[in-house]
Structures are given as C-alpha cells and as structure tokens.
Amino acid sequence: MNTSSSSPPQPPSNEDHESLLLESPSPPAAATATDLEEPCEIQTHMRSFLKQHTAYDVLPVSYRLIVFDTRLLVKKALGALVQNGIVSAPLWSSDTHQFAGMLTVSDFVHLIQYYYHHMSVEDALQDIEKFEIGHLRDLEKKLDMPAPQLVSMHPMATLYDACQLLATSRAHRVPLLDHDHLGTETIISVVTQYRILKFIAVNFKHTQSLRRTLADLKIGTYKNIATATMTTPVVDLINTFVDKKISAVPIVDDQNVVLNVYETVDVMPGQADLTILTCRWKKHWKHVPRIILVCTLAL
C-alpha cells in the first residue's frame, strides 16, 4: 500500500455516498413548451462552465492519496479504507508498473455475493485471509460479470470531458493520471461525482437558472423503486444492488415511510468478519447511522 500525503489525517468523509430520497413516487407532470426552454438555457450555461474548468481545478489545496498494490490482501485494503474514511482507492500493479484500476465498494459486494453462493461462512473466513486484490478480476469471471472499465483521464482535461466519461462509463469516480518524459504513469488523484457537484455549487454563477423544481427538471427515480424492511436479510439487499445495478435501497416500514437508507458503502463495516452474510438489516443498523435528507417534488 502506497500513501502520499500533503496534509494531516482528516475525519471520515461522506463525499462518495451522500443520500437523497424523493418523498413522492408519482412521476412529474409533462413539461410545457416554456419548461423546455429553461433546461436548454441551463445546459448552455453548464456546458460552458464545465468546459472552462479542468479536473485539476476541483482538487482541494491539500489532500491524501491512498494507492493499493494489486498484491495487497483484500482484508488489509478494507481495513485501510475504513480507517481513513474512504470507500475507494486506485490500484497499482508492481508487475507492470502501471495503473491497474480502482478498488471500489462494488468489488466488496461481488466478493460477499461469491462467498454466499459458493462457500460456507467458515470456508469464507479462511479464504478472505489470503485473498489478494488482484484475484478480484478472476472472481468476476466466476460470477459471469463483465470486468470493470479501466477509465482514467489527464488532470488538465476539462470537467465537461470528466462528466461525459462518468456518464458513459456509469462510474462514480475517474482517476487522474499523468506521465513523465519517459512515459511512466503517475496517479495524481481521483475526481468523484461529489467533488464535481461541490465545485459547481461553489463556483457556478448562473444560479438563477437552477432555481427549478425536481419535477420540472425530471430529476429522480419514480418507477420500480426497490425497497426493503427492517427484517430484510443483508444478503438480499446485496443481491438487489447487483441485479438492479443500483447503489442504495430505502428501508421502509409497513406504511412505506422511509426509516433509513442502505447503501453499497454500508457493506464495508461488516465485510471483515463476514457477519454480514447471516445478519438481517435490523441487526446491521448500528453500522449505518446517518441523517436522511427527504425532498419533495416541489423543492
């Protein structure tokens, strides 16, 4: 594990997993002709703004960068992620001396799913003690899952290019790579969706064009929403993440009132001892304290 630091350790950050729920499942009303003009104005201003700034601009003045070697044990990598309050890290291959991808929550979700369907808890506990990061790609083949895209970009690429890459690859983050005069790769940092949104919130000047409701802009999911209850087994939630390709499931009561949200990042605290394979969400509650932000369509 390689760690470069230019600042003292910071408290855990939620930058990769902010929660936002919609209170009403009803779809928004159809937009009028006037409504359609505003989003075009928003798009024009936003595209211009994103093209004027680079990925390097969104990086904080000082930050830590944690990089894992692909030979590192998954259990040790998990401990380092939890200890540093992060949910992903770039990977480096000491064999090829190149960037090798990202270790993300999805990798841990797939690992749990594999253990649940192919091993007993006892065998899984023994296997995870010697399971290396580099073996995760072999595991995905056994689960008949496509290998994750190896996406990256230069730090001086525009934010518009970054957003395009995030949208087309369905990734939540993009590593920034640079090369020296000999062509040697250097991992500079990672740009996340959260960092881009935060940069827009602070620096975007055409805020009046954004004063539209969620219904007007058609932001949100309104149909086929996956939910769970307090007694839903955690493994069922993990299977839902994979089957529906989503990263969060609302926890509701008998009246369909939202009590909490279970996200893919919540898998991590229960991964080390694999108790997550057998527990229900109610027993896992202590691992996922958070304030739930609930919005209405008129917000």
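How much area does the protein chain expose, and what share of it do carbon and sulfur atoms supply? The chain exposes about 16800 Å², and carbon and sulfur atoms supply 54% of that (Shrake-Rupley areas with a 1.4 Å probe; for residues, only the protein chains shown count as cover).

Before you click around: this is a predicted model, where local features need pLDDT of at least 70, side-chain atom pairs count only at pLDDT 80 or more, and totals for chains, interfaces and linings use all residues. Residues are numbered from 1 along each chain as its sequence is written, and side-chain values use heavy atoms, with hydrogens and water left out.

**The whole chain**

Show everything as a cartoon and you get 10 helices and 10 strands (DSSP runs numbered from the N terminus: H or I of at least four residues for helices, E of at least two for strands). Of the 299 residues, 43% count as buried (under 20% relative accessible area with a 1.4 Å probe, protein chains only; exposed is over 50%, partly exposed in between).

**Strand 4 and its neighbours**

Now select residues 89-93, which is strand 4; five of its five residues are buried. Add strand 3, residues 64-69, which pairs with strand 4 in the parallel sense over two bridges (pairing takes at least two DSSP bridges between the strands). Look for D69 and its bridge partner W92 in strand 4. To get from strand 3 to strand 4, follow the chain through helix 2 (residues 74-84), a right-handed β-α-β crossover (clockwise from the first strand over the helix to the second, with the strands pointing away from the viewer).

Next, bring in strand 5, residues 98-103, which runs antiparallel to strand 4 and is joined to it by five bridges. One spot to zoom in on is S93, whose bridge partner in strand 5 is Q98. These two strands form a hairpin with four residues between them, and H97 in the turn has a positive phi of about 55°.

**The largest nonpolar core**

Select F68, L103 and I133: of the 39 residues in this core, they touch the most other members (a nonpolar core is a set of buried Ala, Val, Leu, Ile, Met, Phe, Trp, Tyr and Cys residues joined through side-chain atoms within 4.5 Å). Elements giving two or more residues include strand 3, helix 2, strand 4 and helix 3 (105-118). Helix 3 supplies the largest share, seven residues.

**Helix 7**

Last stop: residues 193-203. Here R195, I196, F199 and I200 are buried. They cover an arc of only 135° around the axis, so they sit on the same side of helix 7 (the arc is taken from the directions from the helix axis to the C-beta atoms). Spin to the other side and you find L197, A201 and V202 exposed.
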